[in-house]
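Hello,

Here is the structure I promised to pass on to you. Please open it first, and then read my notes below with the model beside you.

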Amino acid sequence: MNILVVGNQGYVGPVLIRHLRERFPESAICGYDTGYFAHCLTGATSSPEVLLDAQYYGDVRSFPTHFYEDFDAIVLLAAISNDPMGNQFEDVTRDINNLSCCEIARGAVEAGVERIVFASSCSMYGAASGVAKTETDGLNPLTAYARSKVDTETFLEQLDQDVATITSLRFATACGMSDRLRLDLVLNDFVASALVAGKVTVLSDGSPWRPLISVKDMARAIEWALIRDPDEGGRYLAVNAGSNRWNYQVKDLAEAVVAAIPSSVLDINSDAPPDKRSYKVDFSLYERLAPDHQPLATLEGTIAELVEGVKRIPWLTADFRTSNFMRLNVIKGHLERGTLDSSLLWTGR
């Protein structure tokens with residue numbers, strides 16, 4: 001099986017590439033990325049892309065159609081990947097996260113590509129009080145990012161599936177160490193703050209629920225989607241990817257980080273208004289369909305790996321939220337230097 005990972009030079013990509021290389025040593029595995037974050041390495045001793053057979057550069061909005069002939073499977077990771085970026089670049093978020101992914105998937109299906117894996121998100125459930133959300137529950141996307149995931153899933157479900165097996169993995173919030181670490185994710189932020197500032201600050205009252213998944217377990221889920229039997233779940237499948245034991249309240253995450261880093265203190269804004277982005281997710285379908293690919297990481301183990309990884313960044317300071325570990329800052333830097341235009345296309349400067 002020849003695999004193309006679209007959007008491999010972000011946070012998840014390095015972990016996924018290493019996992020796929022271990023699981024499919026005889027496969028041709030290649031990457032395709034525009035390179036926004038290619039330089040955002042985190043203590044890596046070599047480029048993650050050395051494990052690939054080839055790294056291609058280009059924008060998903062002008063995807064080369066000849067790739068359809070070269071690959072049996074396409075993994076769609078490319079996205080404007082968080083709410084602050086999506087809110088600031090709403091049109092670009094639609095173009096990249098939704099329209100381009102749909103166009104790549106359509107071309108792949110027409111060309112006979114056998115496997116398409118789409119990195120979707122549980123954020124599409126939005127404000128969801130009450131019981132944990134299943135795949136049959138209604139969707140309530142609150143942001144441009146979440147809406148882009150809903151719209152892409154709707155398109156993928158309508159594609160001709162006589163040949164292709166298509167899987168939309170509705171991932172919980174990502175966390176854990178990567179060669180291209182992001183600190184604009186809740187658990188990662190807490191660990192960095194505890195280490196460099198000595199304090200974990202929770203801006204809400206800590207009550208919102210968040211389902212989490214380690215990037216290592218995201219890679220395991222993508223592996224499963226690449227090999228799953230289409231008779232189990234159907235030719236098209238949208239499934240919550242994560243574990244029921246990883247549904248946490250934000251205050252639980254903060255307390256776990258402080259327990260792991262005793263030199264830090266916890267500061268919860270108990271007077272803050274409730275955060276509407278609160279939801280629990282039911283991962284029972286994934287547990288039933290993918291028994292051999294269930295999440296293996298623990299919260300304590302993931303925090304420990306983050307602590308070890310963050311300590312390898314000697315230049316990280318208490319103002320890390322102004323650094324390139326926050327993806328929006330990277331994009332703003334490209335714009336200020338004039339290397340990207342307002343549509344987030346490279347200018348050639």
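Let me begin with one pair of residues: Val200 has Leu266 of strand β13 opposite it. Please keep in mind throughout that this is a predicted model. The two strands behind that pair are β9 (residues 199-202) and β13 (residues 265-268), which pair in the parallel sense through four bridges. The side chains of β9 alternate along the strand: Val200 and Val202 are buried and point to one face, while Lys199 and Thr201 point to the other face and are not buried.

Val200 also turns up around Val257, a residue of helix α7. Is Val257 buried or exposed? Its relative accessibility is 0%, so Val257 counts as buried. Setting aside neighbours within four places in sequence, Val257 is in contact with Leu187, Phe190, Val191, Ala194, Val200 and Ile303. Take Leu187 from that list: Leu187 and Val257 are 70 residues apart in sequence, while their C-alpha atoms are 8.1 Å apart in space.

Leu187 and Val191 bring us to a helix pair, since both belong to the part of α5 that meets α9. The axes of α5 (residues 186-196) and α9 (residues 299-311) come within 10 Å and cross at roughly 50°. That angle makes α5 oblique to α9, and the crossing is right-handed. On the α5 side the contact is made by Leu187, Asn188, Val191, Ala192 and Leu195, and on the α9 side by Leu299, Thr302, Ile303, Leu306, Val307, Val310 and Lys311. By class, the residues of this contact divide into nine nonpolar, two polar and one charged.

A second helix pair, for comparison, is α3 with α4. Helix α3 covers residues 90-111, and its axis comes within 9 Å of that of α4, with a crossing of roughly 20°. Since that angle is under 35 degrees, α3 counts as roughly parallel to α4. This crossing, too, is right-handed. Glu90, Thr93, Asn97, Asn98, Cys101, Cys102, Ala105 and Arg106 of α3 meet Ala144, Tyr145, Arg147, Ser148, Asp151, Thr152, Phe155 and Leu156 of α4. Here the contact has seven nonpolar, five polar and four charged residues. One of the α4 residues, Asp151, sits in a helix that spans residues 144-157. With a relative accessibility of 40%, Asp151 counts as partly exposed. Between Asp151 and Lys199 there are 39 Å in space, C-alpha to C-alpha, against a separation of 48 residues in sequence.

Now to the sheets. How are the strands of the seven-stranded open sheet ordered? The order is β3-β2-β1-β4-β5-β7-β11, and the pairing is parallel. At the edges are β3 (54-57) and β11 (236-241), each of which pairs on one side only. On average, neighbouring strands in this sheet are turned by 20° against each other, direction ignored. Within it, β4 (residues 73-76) and β5 (residues 115-121) are joined in the parallel sense by four bridges, and Ile74 stands opposite Ile116 of β5. Helix α1 (residues 13-23) packs on this sheet and touches β1 (3-6), β2 (29-33) and β4, with its direction at about 170° to that of β1. Helix α6 packs there as well, touching β1, β4, β5, β7 (165-171) and β11, and its direction makes about 160° with that of β7.

There is also an open sheet of three strands, in the order β8-β10-β12, whose pairing is mixed. Its edge strands, β8 (173-175) and β12 (247-249), each have a single partner strand, so one side of each is left without a neighbour in the sheet. Neighbouring strands here are turned by 50° against each other on average, direction ignored. Strand β10 (residues 209-214) runs antiparallel to β12, and three bridges join them; Trp209 has Gln249 of β12 as its bridge partner. Helix α6 (residues 215-227) packs on this sheet too, touching β8 and β10, at about 70° to the direction of β10. Helix α7 (residues 250-260), the one that holds Val257, packs on the sheet against β10 and β12, and its direction makes about 85° with that of β12.

Happy browsing, and best wishes

Notes:
Residues are numbered from 1 along each chain as its sequence is written. This is a predicted model: local features need pLDDT of at least 70, side-chain atom pairs count only at pLDDT 80 or more; totals for chains, interfaces and linings use all residues. Side-chain values use heavy atoms; hydrogens and water are left out. Two strands pair if DSSP finds at least two bridges between them. Axes are lines fitted to C-alpha atoms, for helices over the stretch in contact, and angles run from 0 to 180 degrees between N-to-C directions. Contact means heavy atoms within 4.5 Å. Buried means under 20% relative accessible area, exposed over 50%, partly exposed in between (1.4 Å probe, protein chains only). Angles under 35 degrees count as roughly parallel, over 145 as roughly antiparallel, 65 to 115 as roughly perpendicular and the rest as oblique. A crossing is left-handed if the near helix is turned anticlockwise from the far one by less than a right angle, and right-handed if clockwise. Ala, Val, Leu, Ile, Met, Phe, Trp, Tyr, Cys and Pro count as nonpolar, Asp, Glu, Lys and Arg as charged, and the others, Gly among them, as polar.
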